[in-house]
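Biologist: I am new to reading protein models, and I would like a close look at a single part. Could you take me through the place where the two chains meet?

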Number of protein chains: 2
Amino acid sequence: MSNNSSKPTKVKGMRDFGPKQMARRSYLLSTIKATFTKYGFLPLETPAMENLSVLTGKYGDEGDQLLFKVLNSGDFLAKLDQDPANYTAHTILPKIAEKGLRYDLTVPFARYVVMNRNDLTFPFRRYQIQPVWRADRPQKGRYREFMQCDADVIGTKSLLCEAEIIMMLNEIFNGLELEGYEITINNRQFLTGLSEFLGQPNKESALCVAIDKLEKIGRDKVYEELTIQGFEQSALTKLTPILSIPGDSKAKLAILKKQFSGIASAVTGLKEIQETLDMVEAMSGDLTKVNFDPSLARGLSYYTGTIFEVRMLDGSIGSISGGGRYDDLTGVFGMPDIPGVGISLGIDRIYDVLDKRNLFPPNLEQNTQVLIINFGDENRDFTLSLVKNLRQQNISSELYPDIAKMKKQMTYADKNSIPLVVIAGKQELEEQKVTLKDMFTGNQFASPINEITDTIADYFKR
Amino acid sequence: MSNNSSKPTKVKGMRDFGPKQMARRSYLLSTIKATFTKYGFLPLETPAMENLSVLTGKYGDEGDQLLFKVLNSGDFLAKLDQDPANYTAHTILPKIAEKGLRYDLTVPFARYVVMNRNDLTFPFRRYQIQPVWRADRPQKGRYREFMQCDADVIGTKSLLCEAEIIMMLNEIFNGLELEGYEITINNRQFLTGLSEFLGQPNKESALCVAIDKLEKIGRDKVYEELTIQGFEQSALTKLTPILSIPGDSKAKLAILKKQFSGIASAVTGLKEIQETLDMVEAMSGDLTKVNFDPSLARGLSYYTGTIFEVRMLDGSIGSISGGGRYDDLTGVFGMPDIPGVGISLGIDRIYDVLDKRNLFPPNLEQNTQVLIINFGDENRDFTLSLVKNLRQQNISSELYPDIAKMKKQMTYADKNSIPLVVIAGKQELEEQKVTLKDMFTGNQFASPINEITDTIADYFKR
């Protein structure tokens, strides 16, 4: 071991999770997993690393920049054949790094499906909860390592899956007792129609990229961007009322159905939204939380149908969930025409919202229940046997490991929120009575030494 | 998205875990976590990446080679100032990669303790279950991504912690119903004494490195290595009987105590082993599984006291657990004199042993319980409402998403091991009776339509 005893540092934008945060994350993830399971989704995990051939070109140029690349092991310069004077980061990268860290869970899932196509039964439902890594500039609420939590159904075009996603989202947030959120929904087919409606039938993707930023940069900037992309003033004038159409989802659907009746893809998109909402209703789902928003676009290029986003109504944080339907996710890996739909939950953001609103149940931590004071040899046999008996009763217990002052041992119990302390020194053993101290009330009570395990078990049953 | 539709590949030495493996891993990890919790250990997680300044120099030269290094983001060549003609992998590495992937859980834990020294209450007990990465040559049973599972107590020299590690190991393997393992124990102080006994008082570490390979390369090669390191023939002659001392732990301790009575560190080491075993006995622990092995050395240089290793007696696989006491793990980060002791469980190897011996309980997978056949619009309202009601009763259920042939839907249920199928077509709805099919027995039975949820709930209560 080297001897440079310098202060260690943590990687910027990444976090340690101590016992309290772990207990809360575990509560959050269990709630989500329980819902996924109820809806027939089964767990999958993929490796942290993927070959760069799998990852590159799937997330746009910006995404490629944000991939963490892993240096080839050993003499990583060995494959370089060009003149060193001409090295640039761009040209030598493919020679010195062949692997990268998972950027999301969707591409690894697509890779898994293609590699296991012959063993899977379609429609295939999976959920996946794993960290992903992005070489982003760290800032408040944006981490370079964060947990993603995805559920996807692949191998069916049924809109039932869309309806079930809405049901699951409501169920998860109900389970977490989270209020004040909105599930926004739109459809890429409608956006294709919108582009046509605005006189630019082939600029759906430029339109999506621009209006996706509405909340972030405001309407003026979005319109500037659209103008640069070739949308005329008359188009922008036609766009304005659509982006601010009033009423609830049904009202909006009714208005737009009339307005877009001549544009086939828009008709399809609106019909799909309508059917999805009808199915949610038939499952007695809560439609008050669902909002059809014609301006919802989502950045990713692979969506082809329904798109989702969940936002907090108070605008305190970016979207806490997003997803949509894709009709050819695996095509890039040589397996075309496999439709699917998925949703991704932003665990870290949901955590922050629950934390800020005090929605985590108290006492999630599985603290030690009993601390036995260590008086050294004078009570060693008794304390060792007691700690063993308590653990056998499934009561998490510790014998303080050192013969320290009573005060120090009590402080340890206090700081670790251990509710019950057992005091059995020489005097107590002679009197065949053990003293118990309830650390929350401060009350002390005695128990006959031969009933001590039962007394403690009863104490925790109350 | 790029259009090179080539077959995707997985990174060599890394694995996907489908639903079945996930269920088994979850069973394995829950058993371990439950034991750790009972003994007062709380969970911790650290980031996948650490700064290379934290990782480098902690695992020996070989370890440094096996670290996965992460390329700096953006123009990673920017910090290179030397003449490109002189680039070597060794000299440019520190300039182009500042981060690496976690190689084990011990060093990140030490980093965490030092960074949080003022907020932690010592003794501090933590467990940590996370993947680690090593750029090893992949081979059977050796992966480049694998799960480590560590429990450490830091801030105490008490041998109670050693005794508790033995108790925990026995409890975990009992919980997994695993037989035929052996917990070997030794002590670095004894090995220091042994080195002195062999006339090479300062070559403890060379001695450890060599005898650590006994099982792997055999005695002759170990002796060759020791000779190169300066151990004389007479020393090797003295070593032989010690490496093959007969009897159980107590017998060995008795013999060695006499033989080493004049060598202080050996006396200390043997006394610590004795005390540890005595405490296990006082906790009614199973000592038949514990074997004091004077030849156990363990590779890592930071151990200073007790060392542990768990092996399968049939020799079918390498060690499934290892650990030991260290007295200065955090010293390298500027926080000296914090003693601790820890154990690490090889999750992947334990998994393989359980798998090979058929020790995983059946039906660990949380499969969907009910599949409702989809007949399309003719029964849509009924099926949507039924799937919702079943989920409300916590019965995991699916409505087949597409209007497919009955046979295809049945095959889906079969392949996914879904035990119960609900058939409610036009005819059934007219007769107000639903048909249920038990997929394991093949039996069909009917239920009145208004009692269907109760009928299914009762079915799963049996």
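Modeller: Happily; here is a walk through the interface, followed by a short look at some neighbouring topics. Please keep in mind that this is a predicted model.

Let's begin with the whole meeting place. On the chain B side, 107 residues are in contact, and they meet 107 residues of chain A. Between them, the two chains bury about 9,200 Å², and 64% of that area lies on carbon and sulfur atoms.

Now for the charged partners. Six salt bridges run between chain B and chain A. One to find on your screen joins A:Arg111 to B:Asp16, where the closest N and O atoms are 2.7 Å apart. The interface also has 22 residue pairs in polar contact, with both residues of each pair at pLDDT 80 or more. As for which element of chain B gives the largest share of the side touching chain A, it is helix H14 of chain B, residues 380–392, with seven residues. Sorted by class, the chain B side consists of 52 nonpolar, 30 polar and 25 charged residues.

Let's stay with A:Arg111 for a moment. Besides its partner in chain B, A:Arg111 forms a salt bridge with A:Glu50, with 2.8 Å between the closest N and O atoms. This second pair links distant parts of chain A: A:Glu50 sits in strand E2 (residues 49–51) and A:Arg111 in helix H5 (residues 106–115), 61 residues apart. Over all chains, the count comes to 44 salt bridges.

Next, turn to chain B itself, where two helices cross. The axes of helix H1 (residues 19–38) and helix H6 (residues 160–175) of chain B come within 9 Å and cross at roughly 145°. The crossing of H1(B) and H6(B) is right-handed. From H1(B), the residues taking part include B:Tyr27, B:Ile32 and B:Phe36, while those from H6(B) include B:Met168, B:Glu171 and B:Ile172. Five nonpolar, three polar and two charged residues make up this contact.

Finally, have a look at B:Glu272, which belongs to helix H12 of chain B, residues 264–282. Leaving aside residues up to four places away in sequence, B:Glu272 touches B:Leu159, B:Asn187, B:Gly305 and B:Thr306. The C-alpha atoms of B:Glu272 and B:Gln189 are separated by 9.1 Å, although these two residues are 83 residues apart along the chain.

If you want one residue to remember, pick A:Arg111: it has a salt bridge to B:Asp16 across the interface and another to A:Glu50 in chain A.

Terms used: Residues numbered from 1 in each chain as written. Chains lettered and ligands numbered in written order. Predicted model: local features only at pLDDT ≥ 70, side-chain atom pairs only at ≥ 80, totals over all residues. Heavy atoms only, no water. Contact = heavy atoms within 4.5 Å. Buried area = accessible area lost by both parts, 1.4 Å probe. Salt bridge = Lys/Arg side-chain N within 4 Å of Asp/Glu carboxyl O. Polar contact = N/O pair within 3.5 Å; in protein donor to acceptor, adjacent residues only side chain to side chain. Helix = DSSP H or I, 4+ residues; strand = E, 2+ residues; numbered from the N terminus. Nonpolar A, V, L, I, M, F, W, Y, C, P; charged D, E, K, R; others polar. Axes fitted to C-alpha atoms, helices over the stretch in contact; angles between N-to-C directions. Left-handed = near helix turned anticlockwise from the far one by under 90°.
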